[in-house]
Amino acid sequence: MNLEADEVKKWPATGSRMLNDLAWRAIRHSLGLSQRLMEILKRVFDEKKESTIADELGISPHTGHIDVERIYHKLQIHSRQELAQFIITGFLPLPADVRSKVPPICGSSTPLHDGFEDNLGDTP
């Protein structure tokens, strides 16, 4: 197996790369977050400082701070550690059994297809 240099840099997946785009869209929908709050949540999950987040999104540091506080309030959490725990325990399914019908969303950037169960065979 020959991996491209960019692919090697991606692993092990950390921060927001632990989940693929499909998973982040599902999280956004599940939590009822706006696109901007979702972008901020992902950056906080990536351990970025509020000032860095504000610079990246072209917003004031005060607005960035207020948006982080809005996320904490909406999720009923109080810290970055609680945010990480909330996302990991609530949205990062890691099935121990390869026969699990839980879709493999961790770390993959390809969307799930509708017939993923077809490849599982007759499993209990």
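Student: How do α3 and α4 stand to each other?
Tutor: This is a predicted model, in which local features need pLDDT of at least 70 and side-chain atom pairs count only at pLDDT 80 or more, while totals for chains, interfaces and linings use all residues. Residues are numbered from 1 along each chain as its sequence is written, and side-chain values use heavy atoms, with hydrogens and water left out. The axes (lines fitted to C-alpha atoms over the stretch in contact, with angles from 0 to 180 degrees between N-to-C directions) of helices α3 (residues 35-45) and α4 (residues 50-57) come within 10 Å and cross at roughly 140°. Angles under 35 degrees count as roughly parallel, over 145 as roughly antiparallel, 65 to 115 as roughly perpendicular and the rest as oblique, and α3 and α4 are therefore oblique.

Student: Which residues in α4 are met by residues in α3?
Tutor: Contact means heavy atoms within 4.5 Å. From α3, the participants are Glu39, Ile40, Arg43 and Val44. In α4 they meet Ile53, Glu56 and Leu57.

Student: Which residue lies in the loop between α3 and α4 and has a positive phi although it is not a glycine?
Tutor: The phi concerned is about 65°, and the residue counts as exposed because its relative accessibility is 72% (over 50% is exposed, under 20% buried, and in between partly exposed, with a 1.4 Å probe and protein chains only). The residue in this loop is glutamate 47.

Student: What is the phi of glutamine 76?
Tutor: Glutamine 76 lies in the loop between α5 (61-75) and α6, and its relative accessible area of 68% makes it exposed. Although glutamine 76 is not a glycine, its phi is positive, at about 55°.

Student: Which residues in α6 are met by residues in α2?
Tutor: The axes of α2 and α6 come within 12 Å and cross at roughly 105°, so α2 is roughly perpendicular to α6. On the α2 side, Trp24, Ile27, Ser30 and Leu31 take part. Their partners in α6 are Phe86, Ile87 and Phe91.

Student: Is asparagine 20 buried or exposed?
Tutor: Asparagine 20 lies in the loop between α1 (5-10) and α2 (21-31). A polar atom of its side chain is 3.1 Å from the backbone nitrogen of leucine 22. Because its relative accessibility is 4%, asparagine 20 counts as buried.

Student: How far is a polar atom of the side chain of threonine 89 from the backbone oxygen of glutamine 85?
Tutor: Threonine 89 belongs to helix α6 (residues 80-91) and counts as exposed, because its relative accessibility is 62%. The separation from the backbone oxygen of glutamine 85 is 2.6 Å.

Notes: Helices (H or I, at least four residues) and strands (E, at least two) are DSSP runs, numbered from the N terminus. A polar contact is a pair of N or O atoms within 3.5 Å; within protein, one must be able to donate a hydrogen and the other to accept it, and residues adjacent in sequence count only if both atoms are side-chain atoms.
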